[in-house]
Structure formats: structure tokens, C-alpha cells
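Biologist: I'd like to learn how to read a fold like this one from its coordinates. Can you walk me through it?

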Amino acid sequence: MRDNIPRELAVRYAKYCDDKEFDNMAGIMVDDVEMGAENFQTNTLEDFKGVLQLLHDYSATMHMVGNQFGEWNGDTWQGETYCLASHIKEVDGVERNWELAIRYQDTISLVDGEYKYTRRFLNVVWEADRPLKS
């Protein structure tokens, strides 16, 4: 059912980030995908995969997909996806969690028979950097 497509793409995106399987993004994004945030903007999938390399700096990440709101206009969905993203890294001998609350602004379109992201911008609502309990 088409209504499940935005959720499926968001969950696959989170999994590919957490598993560091960036080449799999080609299955959910067009080659000329527009990706951006306050501190970066890319206009190709290859460039975005380069940005994702920063996730290798973390021993673990977990992107939890939450609320989604949007609507279809023909074969294009525009909406918003909430995400709580945790990034674990050791700093000065202490495991820390850099957590981001994100509201993605998404555009998904039918391209060559498949629904894929054509545009995705992330707005960070808040972030926190905390030590993990041992």
C-alpha cells in the first residue's frame, strides 16, 4: 500500500545509517537527491554518501523513527519524519552519547517505477551530549 512507503523508506534509511551500509542508499534515493541541514548541503547521492562517512567515527548509532505527517500529490509525497538519533563515541576515556532530535522535511517521488527520496532536509530541534552510565 502506498501509504506505507514513507515509513518504509525512513526505516530503511535509519538502518543503512546505523549499519553503515551507505551503498544501500541507492535503493531509496535518486542519484541527484538533494540532502541538507544547517551545516551541509549536497545535490548527489555520491556526495551525501561522503558526508555519511562521519558515522564511522562512532562505535554505534541508533536512529529511532517516530511520527510522520504528509500527503500525496499524484506520485509525490511531501511530509515530515521525526527521528531521535544517538551517536556513541569514546571521548577522553568516557563513552558519550551525542543525541539529536530531528525533523526531516522529505520529498518522495515515483522515479522509474520505484518510490525514492528526491529531497531530504534535516532540522535539528535539539541536541545533547551526555556521558553514558557505566
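**Rings, core and sheet**

Modeller: Let's start with the rings: Tyr13, Phe40, Phe48, Tyr104 and Tyr117 form one aromatic cluster. Keep in mind that this is a predicted model.

Biologist: How many aromatic pairs does the whole structure have?

Modeller: A pair of aromatic rings is described by the distance of the centres and the angle of the planes. Searching the whole structure turns up seven such pairs. Take tyrosine 13 and phenylalanine 48: their ring centres are 6.4 Å apart with the planes at 15°, so this pair is stacked. Tyrosine 13 belongs to helix H1 and phenylalanine 48 to helix H2, so the pair links distant parts of the chain, 35 residues apart. Both tyrosine 13 and phenylalanine 48 are buried.

Biologist: And what kind of pair do tyrosine 13 and tyrosine 117 form?

Modeller: An edge-to-face one, with 6.4 Å from centre to centre and 75° between the planes. Here tyrosine 13 in helix H1 meets tyrosine 117 in strand S6, 104 residues apart. Tyrosine 117 is buried, as is tyrosine 13.

Biologist: Which charged residue lies over the face of tyrosine 13?

Modeller: Arginine 120, at 4.4 Å from the ring centre. You'll find another case at tyrosine 58, where the charged end of lysine 89 sits over the ring, 5.5 Å from its centre.

Biologist: Now the core. Which residues of the largest nonpolar core touch the most other members?

Modeller: The general idea is that in soluble globular proteins, nonpolar side chains tend to be buried together. In this model the largest nonpolar core has 31 residues, and Tyr13, Met25, Ile28, Met29 and Tyr117 touch the most other members. At least two residues each come from H1, S1, H2, S3, S4, S5 and S6. H1 gives the most, with seven residues.

Biologist: Take isoleucine 28 as an example. What does isoleucine 28 touch?

Modeller: Setting aside residues up to four places away in sequence, isoleucine 28 touches Leu9, Arg12, Tyr13, Tyr16, Lys116 and Tyr117.

Biologist: On to the sheet. In what order do the strands come?

Modeller: Strands of a sheet pair through backbone hydrogen bonds, either parallel or antiparallel. Here six strands make an open sheet, ordered S2-S1-S6-S5-S4-S3, with mixed pairing. Strand S2 (40-42) and strand S3 (60-73) are at the edges with a single partner strand each, so one side of each has no neighbour in the sheet. On average, neighbouring strands are turned by 20° against each other, direction ignored.

Biologist: Where do the helices H1 and H2 sit on it?

Modeller: Helix H1 (residues 5-18) packs on the sheet and touches S1, S3, strand S4 (76-91), strand S5 (94-111) and strand S6 (114-131). The direction of H1 makes about 160° with that of S3. Helix H2 (residues 45-52) lies across S1 and S2, at about 50° to S1.

Biologist: Let's go through the pairings. How do S1 and S6 run, parallel or antiparallel?

Modeller: S1 and S6 run parallel, joined by four bridges. One partnership to look up is methionine 29, whose bridge partner in S6 is tyrosine 117. On the other hand, strand S1 (residues 29-37) pairs with S2 in the antiparallel sense over three bridges, and alanine 37 stands opposite phenylalanine 40 in S2.

Biologist: How many bridges join S5 to S6, and how many join S3 to S4?

Modeller: S5 and S6 pair antiparallel over 16 bridges, with serine 109 opposite lysine 116 in S6. For S3 and S4, also antiparallel, there are 12 bridges, and methionine 64 stands opposite leucine 84 in S4.

Biologist: Which residues take a positive phi in those hairpins?

Modeller: In the hairpin of S3 and S4, with two residues between the strands, glycine 74 has a positive phi near 65°. The hairpin of S5 and S6 likewise has two residues between its strands, and there aspartate 112 takes a positive phi near 50°.

Biologist: One last residue: is tryptophan 77 buried or exposed?

Modeller: Tryptophan 77, found in strand S4, is buried, with a relative accessible area of 5%. Tryptophan 77 and proline 6 are 71 residues apart in sequence, yet 7.8 Å apart in space, C-alpha to C-alpha. Leaving out neighbours within four places in sequence, the contacts of tryptophan 77 include Pro6, Phe69, Trp72 and Ile108.

Methods: Residues numbered from 1 in each chain as written. Predicted model: local features only at pLDDT ≥ 70, side-chain atom pairs only at ≥ 80, totals over all residues. Heavy atoms only, no water. Pairing = 2+ DSSP bridges. Axes fitted to C-alpha atoms, helices over the stretch in contact; angles between N-to-C directions. Contact = heavy atoms within 4.5 Å. Core = buried A, V, L, I, M, F, W, Y, C linked by side-chain atoms within 4.5 Å. Buried < 20%, exposed > 50% of the residue type's maximum accessible area, 1.4 Å probe, protein only. Phe/Tyr/Trp six-rings, centres within 6.5 Å; stacked < 30°, edge-to-face > 60°. Lys NZ or Arg CZ within 6 Å of the ring centre and 35° of its normal.
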